[in-house]
Amino acid sequence: MEEYRNKLKIQNVFFSVCSAVLIAVQILAYSGVIDPVNSGKSWADFWHGFIAGVALGVTAIMILGLIKNLIALKNNKQLKKLYVKENDERKKEICTKGKSAGASAYLCCMLAAAIICGYFNVIVCITCIICTFVQSLFMIGGKLYYNRKL
């Protein structure tokens, strides 16, 4: 259990650093220090809002994870409960199968999107094709890695 405590402590440091960086990004975006290159005012405003929303959402998730970990580190009962939840084999198998099916569905949808977008915009079509290709490489790499590891 001491090893799991150390894992949570490292995770807490990660959550804290990431939250601080994201808050800094939000401040820099609001102050106008970070601006999209060669953009009009409307795009810059949209981008600042997008960055603020994403950074706020991810920061909230990080802070909630930090609070959950701190509570578990102070209470042995909560620590054991969190340990069991994270190491449940059935849950891991369900997540693995779900991720595999989700990645396959994503590839099919991106191929369809690339075909449809090809009629309207070449840049979007090429982007969809590149994303599909990169996702395929990640899936193949993961399968090769885990076939050797397991």
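The sulfur of C108 sits 6.9 Å from the closest cysteine sulfur, that of C109, which is too far for a bond. A disulfide would need two cysteine sulfur atoms within 2.5 Å, and the structure holds zero disulfides. C108 itself is out in the open: with a relative accessible area of 54%, the residue counts as exposed. It should be said at once that this is a predicted model, so every value here is computed from the predicted atoms.

Stepping back to the whole chain, the picture is a purely helical one: there are five helices and zero strands. Read from the N terminus on, the elements simply run α-α-α-α-α. The overall form is not that of a compact globule. A compact globule of 150 residues would have a radius of gyration near 15 Å, whereas this protein chain comes out at 21 Å. Taken along the principal axes, the C-alpha atoms fill a box of roughly 60 × 45 × 20 Å. Buried residues account for 20% of the 150 residues in the chain. The chain exposes about 11400 Å², and carbon and sulfur atoms supply 70% of that area. As for how the chain meets itself, take the contacts between residues at least 6 apart in sequence: 62% of them join residues at least 24 apart.

The helix α1 spans residues 2-31. α1 has 30 residues and reaches 44 Å from its first C-alpha to its last, close to the 44 Å expected at 1.5 Å a residue. Its buried residues are Y4, R5, L8, N12, F15, S19, Q26 and A29, and what covers them includes α2 and α3. Just after the helix comes G32, with a positive phi near 90°.

Two residues of α1 give a feel for how this helix meets the rest. Q26, found in α1, is buried, with a relative accessible area of 13%. Leaving out residues up to four places away in sequence, Q26 touches A52, A55, L56 and T59. Of these partners, A52, A55 and T59 are among the buried residues of α2. K9 also belongs to α1, but this lysine is partly exposed, at a relative accessible area of 44%. K9 and L73 are 64 residues apart in sequence, yet their C-alpha atoms are 8.4 Å apart in space.

Next comes α2, which covers residues 41-74. This helix has 34 residues and reaches 49 Å from its first C-alpha to its last, close to the 50 Å expected at 1.5 Å a residue. The list of buried residues in α2 is A44, H48, A52, A55, T59, M62, G65, L66, N69, A72 and L73. What covers these residues includes α1 and α3.

Other residues of α2 show more of their surface. S42, placed in α2, is exposed, with a relative accessible area of 61%. The C-alpha atoms of S42 and Q11 are 31 residues apart along the chain and separated by 38 Å. W47 lies in α2 as well and is partly exposed, with a relative accessible area of 29%. Between W47 and S19, 28 residues apart along the chain, the C-alpha separation is 20 Å. S19, for its part, is one of the buried residues of α1.

That leaves the question of where nonpolar residues gather. In soluble globular proteins, nonpolar side chains tend to be buried together. Here the largest nonpolar core is made up of six residues, namely Y4, L8, A72, L73, L79 and L82. The elements that give two or more residues to this core are α1 (2-31), α2 (41-74) and α3 (76-86). Y4 illustrates the arrangement well: leaving aside its neighbours within four places in sequence, Y4 is in contact with L79, L82, Y83 and E86. Among those partners, L79 and L82 are fellow members of the core. L73, the residue that lies 8.4 Å from K9 between C-alpha atoms, is a core member too.

Terms used
Residues numbered from 1 in each chain as written. Predicted model: local features only at pLDDT ≥ 70, side-chain atom pairs only at ≥ 80, totals over all residues. Heavy atoms only, no water. Core = buried A, V, L, I, M, F, W, Y, C linked by side-chain atoms within 4.5 Å. Buried < 20%, exposed > 50% of the residue type's maximum accessible area, 1.4 Å probe, protein only. Helix = DSSP H or I, 4+ residues; strand = E, 2+ residues; numbered from the N terminus. Contact = heavy atoms within 4.5 Å. Expected span 1.5 Å × (residues − 1). Rg over C-alpha atoms; globule rule 2.2 N^0.38 Å. Areas by Shrake-Rupley, 256 points an atom, 1.4 Å probe, with all protein chains shown as cover.
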